[in-house]
Amino acid sequence: MKVRDILRVKGSALYTVSPDLPLQTAILVMDEHDIGSLVVMEYEELAGILTFREVIQALAKNHGATADLHVRSVMNAEPLTCTMDTELDEVRRMMLGQHARYLPVIDQAVLMGVISFYDVAKAIVESQDFENTMLKAYIRDWPQEDSGVAPSSPA
């Protein structure tokens, strides 16, 4: 399974912000759309990502104040990224290895979407459920072999 398969099911909703946006406004956008990340774009290029992790760190560092903060000052300016053709196993390794919960998907320098750890887990569970169903159907329909021995009758 590839990243493109996840995005096809997930849909194309994508939320971006400018690095010069006040942090408080970005937090309100995240809350309004019930999302855990915003892709930060500057001049149509990926500038970074803002996740709830960076927001919480900024709040802790500034004793809950966000008045003077902008997205640029708290965002992750070097997020992990993947492509539409990245295999799901590789995405899992990347996310686990770097403790990343969100990955922007870039295809030929164009932002295609964002996948979350939840999206990856959901895709894996659905794939395993499908495989399990298919295996059970195969076993249930297993052809009887002719062993040359007549079945015994119950006594």
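## Helix contacts and selected residues in a predicted chain

V120 is found in helix α6, where helices (H or I, at least four residues) and strands (E, at least two) are DSSP runs, numbered from the N terminus. The model is a predicted one, in which local features need pLDDT of at least 70 and side-chain atom pairs count only at pLDDT 80 or more, while totals for chains, interfaces and linings use all residues. Residues are numbered from 1 along each chain as its sequence is written, and side-chain values use heavy atoms, with hydrogens and water left out.

The confidence of the prediction is given by pLDDT, the predictor's confidence in each residue, from 0 to 100. The chain has an average pLDDT of 88, and 90% of the residues score at least 70. Among the elements of the chain, helix α4 (residues 71–74) has the highest mean pLDDT (97), whereas helix α6 (residues 117–140), the helix that holds V120, has the lowest (80). Where pLDDT is low, the predicted coordinates should not be read in detail.

Is V120 buried or exposed? With a relative accessibility of 3%, V120 counts as buried, a word that means under 20% relative accessible area, with exposed meaning over 50% and partly exposed in between (1.4 Å probe, protein chains only). Leaving aside neighbours within four places in sequence, V120 is in contact with I6, L88, V91, R92, M95 and I115, where contact means heavy atoms within 4.5 Å. One of these partners is R92, and although V120 and R92 stand 28 residues apart along the chain, their C-alpha atoms are separated by 7.3 Å.

S116 lies in strand β5 and is buried, with a relative accessible area of 9%. When residues up to four places away in sequence are not counted, S116 touches K10, M95, R101 and Y102; M95 is also among the contacts of V120.

Two packed helices are described by the angle between their axes and the distance between the axes. The axes of helix α2 (residues 23–33) and helix α3 (residues 52–61) come within 12 Å and cross at roughly 135 degrees; such axes are lines fitted to C-alpha atoms, for helices over the stretch in contact, and the angles run from 0 to 180 degrees between N-to-C directions. The two helices α2 and α3 are therefore oblique to each other, since angles under 35 degrees count as roughly parallel, over 145 as roughly antiparallel, 65 to 115 as roughly perpendicular and the rest as oblique. Which residues make the contact? On the side of α2 they are L23, I27 and M30, and on the side of α3 they are F52, V55 and A58. These residues divide into six nonpolar, no polar and no charged, where Ala, Val, Leu, Ile, Met, Phe, Trp, Tyr, Cys and Pro count as nonpolar, Asp, Glu, Lys and Arg as charged, and the others, Gly among them, as polar.

V55, in helix α3, is buried at 9% relative accessibility, and it touches L23, I27, M30 and L50, not counting residues up to four places away in sequence. The C-alpha atoms of V55 and M75, which are 20 residues apart along the chain, are separated by 8.2 Å. H33, in helix α2, is partly exposed, with a relative accessible area of 31%, and its C-alpha atom is separated by 22 Å from that of S73, 40 residues away along the chain.

Two loop residues, neither of them a glycine, have a positive phi, and the table sets them out.

| Residue | Phi | Loop between | Relative accessible area |
|---|---|---|---|
| Y43 | near 55 degrees | β2 (37–42) and β3 (45–51) | 76%, exposed |
| Q108 | about 55 degrees | β4 (102–107) and β5 (110–116) | 74%, exposed |
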